[in-house]
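Open your viewer and keep the selection panel within reach. This tour goes stop by stop, telling you what to select and what you will find there.

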Amino acid sequence: MIDPTTVFATSDVVVGLVVAIPVIVVAAGVAVGLRLRGGGPKSHVPPGEVASDAPTDIELDRSAEATRRAESTTEAEPEPAPEPVAEPATYRSRLGKARGLLSGYLGAVRARGKVDATTWDDLEEALIRADVGVGATDALLDDLRTRVKGGEINGPDALVDALKADLVDMLSAADARLAMPGGGSPDATDGRAASAGTAGTAGTDETDGTAGTDGAQGDSQPVDVWLFVGVNGVGKTTTVGKVANRMSASGTRVLLAAGDTFRAAAGEQLAMWASRADADIVRGSEGGDPSSVVFDAVQRAASKGHAVVLADTAGRLHNKVNLIEELKKIRRIADRPPGHVVEVLLVLDATTGQNGLTQAKVFLEAVDVSGVVLTKLDGTAKGGIVVAIQRELGLPVKLVGLGEGVDDLIDFDPAAFVDALF
Ligand code: GDP
């Protein structure tokens, strides 16, 4: 017979198991779930061991994924654009307009396959439109005609090549060296600009208001003076700044003289160039006597050890007589010891073409000019004006402006110039 207490106890055990098993299963499931999510407690650390913070495999996977994402985001970000590097001024890079004009005509000449009347018409039109000038164009074409007739030049290609060579010869005739401080050119010491000046009148000008110092400077180091003359707006101040920058960069101590006292803006502009070129500057009061500014600049240069004074001047053409007298006086004062004028540079704007030649003649009446700076060649098709200047004014083009930037001034190089045009 079955003991009822035993039956009761057995059924209790069964009921207990029925309740306990699911509870255990659920608890184990929750524990695994928590572990998998990483939210549960770290594994039990047996006594004597240090709890590790080492990530679980899942954590490692996650962090690798995050790193990959971050890297891919970084890769996707655009690289910062490189600083634009200013292209150095070269004839070829800056004479696009002039080359564009000539290449059309010269291409047509070459394409014709023979030299005929149209060839000569094309060449003449090309040279005149490029502002080579009637005189130089006639001289060049007459010579070429003779050589074609004589059989020395055969065919259009040879004709264009001969024209190119003739232009280089014509442009190489004048001495384009600059009297660089420190004797960079043999002319620096030969008093070339002393001969370029008007009468040697040091000490004889009683009216300039700056007398009384002659002789006092006898023992001073001579100071080279470069004068920049030309009509307003041609680029004098800019050229002074570019030359100053070039000299400073080569270790020469430069002092600028703001001799254009008629425009306050000219002084401001020159002061800006002075700081850019790391050069000193002497400025006068607005409307003051430009000769005094140049005088002061020479004195200051001598006492402070500057090798060269670069003097800007005003170029108002409306009162020609005053302009001429003023330039003569500046020239005279600048040449008093310790000052020594070694360059008088006439600045001409290439875009004005043949008009520039007419303007130039006014300045030639005032001061003997040692050379020409031809500015703004970058903006004109009239590059041929270089030929006209050398031929008609008998002056060498020494420097060429190919832009508004500080480095956009280069020595005139006939071969590179002609090469860039053809
Ligand atoms: P200034 O009155 O003779 O002193 O002439 P500035 O030096 O004030 O120049 C007149 C303008 O010509 C300025 O805007 C200059 O930046 C510009 N200029 C000067 N030289 C050049 C050059 O070689 N090329 C170009 N494109 N502009 C130039």
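Begin at the ligand and select the shell of residues around it: two are nonpolar, eleven polar and five charged. Here Ala, Val, Leu, Ile, Met, Phe, Trp, Tyr, Cys and Pro count as nonpolar, Asp, Glu, Lys and Arg as charged, and the others, Gly among them, as polar. What you are looking at is a predicted model, in which local features need pLDDT of at least 70 and side-chain atom pairs count only at pLDDT 80 or more, while totals for chains, interfaces and linings use all residues. For your selections, residues are numbered from 1 along each chain as its sequence is written.

Which residues come nearest to the ligand? Pick out Gly235, Lys236, Thr237, Thr238 and Gly401, from a shell of 18 residues (a residue is near if its C-beta atom, placed from the backbone, lies within 6 Å). Now select helix H9, residues 236–249, which gives the most to this shell, with three residues. Helices (H or I, at least four residues) and strands (E, at least two) are DSSP runs, numbered from the N terminus.

**The sheet**

Follow H9 to the strands. H9 lies across E1 (223–229), E2, E4, E5 (339–349), E6 (371–375), E7 and E8, and runs at about 170° to E4. Such angles run from 0 to 180 degrees between N-to-C directions, with axes as lines fitted to C-alpha atoms, for helices over the stretch in contact.

Show the strands alone and you can trace an open sheet of eight, in the order E3-E2-E4-E1-E5-E6-E7-E8, with mixed pairing. Two strands pair if DSSP finds at least two bridges between them. E3 and E8 (409–411) are at the edges with a single partner strand each, so one side of each has no neighbour in the sheet. On average, neighbouring strands are turned by 25° against each other, direction ignored.

**Strand E2**

Next, select residues 254–259. All six residues of E2 are buried, so the strand is largely enclosed by the rest of the structure. Buried means that 20 or more other C-beta atoms lie within 10 Å of the residue's own, C-beta atoms being placed from the backbone; 12 or fewer makes it exposed, and anything in between partly exposed. Color the two faces separately: Val254, Leu256 and Ala258 are on one side, with Leu255, Ala257 and Gly259 on the other.

Add E4 (residues 308–313), which pairs with E2 in the parallel sense over six bridges; there, Gly259 has Thr313 as its bridge partner. Then add E3 (residues 280–283), joined to E2 in the parallel sense over four bridges, with Leu256 opposite Ile281. From E2 the chain passes through helix H10 (residues 264–277) to E3, a right-handed β-α-β crossover. Right-handed means that, with the strands pointing away from the viewer, the path from the first strand over the helix to the second runs clockwise.

**From E5 to E8**

Move along to E6, where five of five residues are buried. Gly371, Val373 and Thr375 point one way, and Val372 and Leu374 the other. Five bridges join E6 to E5 in parallel, and one pair to label is Val347 with Val373. The chain gets from E5 to E6 through H13, again in a right-handed β-α-β crossover. Within H13 (residues 354–366), the buried residues are Gly356, Ala360, Phe363 and Ala366.

On its other pairing, E6 meets E7 in the parallel sense over three bridges, where Leu374 is partnered by Val400. The crossover from E6 to E7 goes through H14 and is right-handed. Stay on Val400: its bridge partner in E8 is Ile410, and E7 (residues 397–401) and E8 run antiparallel over three bridges.

**Backbone stops**

Most residues other than glycine have a negative phi, and most peptide bonds are trans. Where are the exceptions to select?

- Asp131, in the loop between H5 and H6 (134–149), has a positive phi of about 75°.
- Lys376, in the loop between E6 and H14 (385–393), has phi near 60°. With 21 C-beta neighbours inside 10 Å, Lys376 counts as buried.
- The peptide bond from Pro337 to Pro338 is cis, with omega near 10°. Pro338 is in the loop between H12 (320–334) and E5.

Terms used
Two residues are in contact if their C-beta atoms, placed from the backbone, lie within 7 Å.
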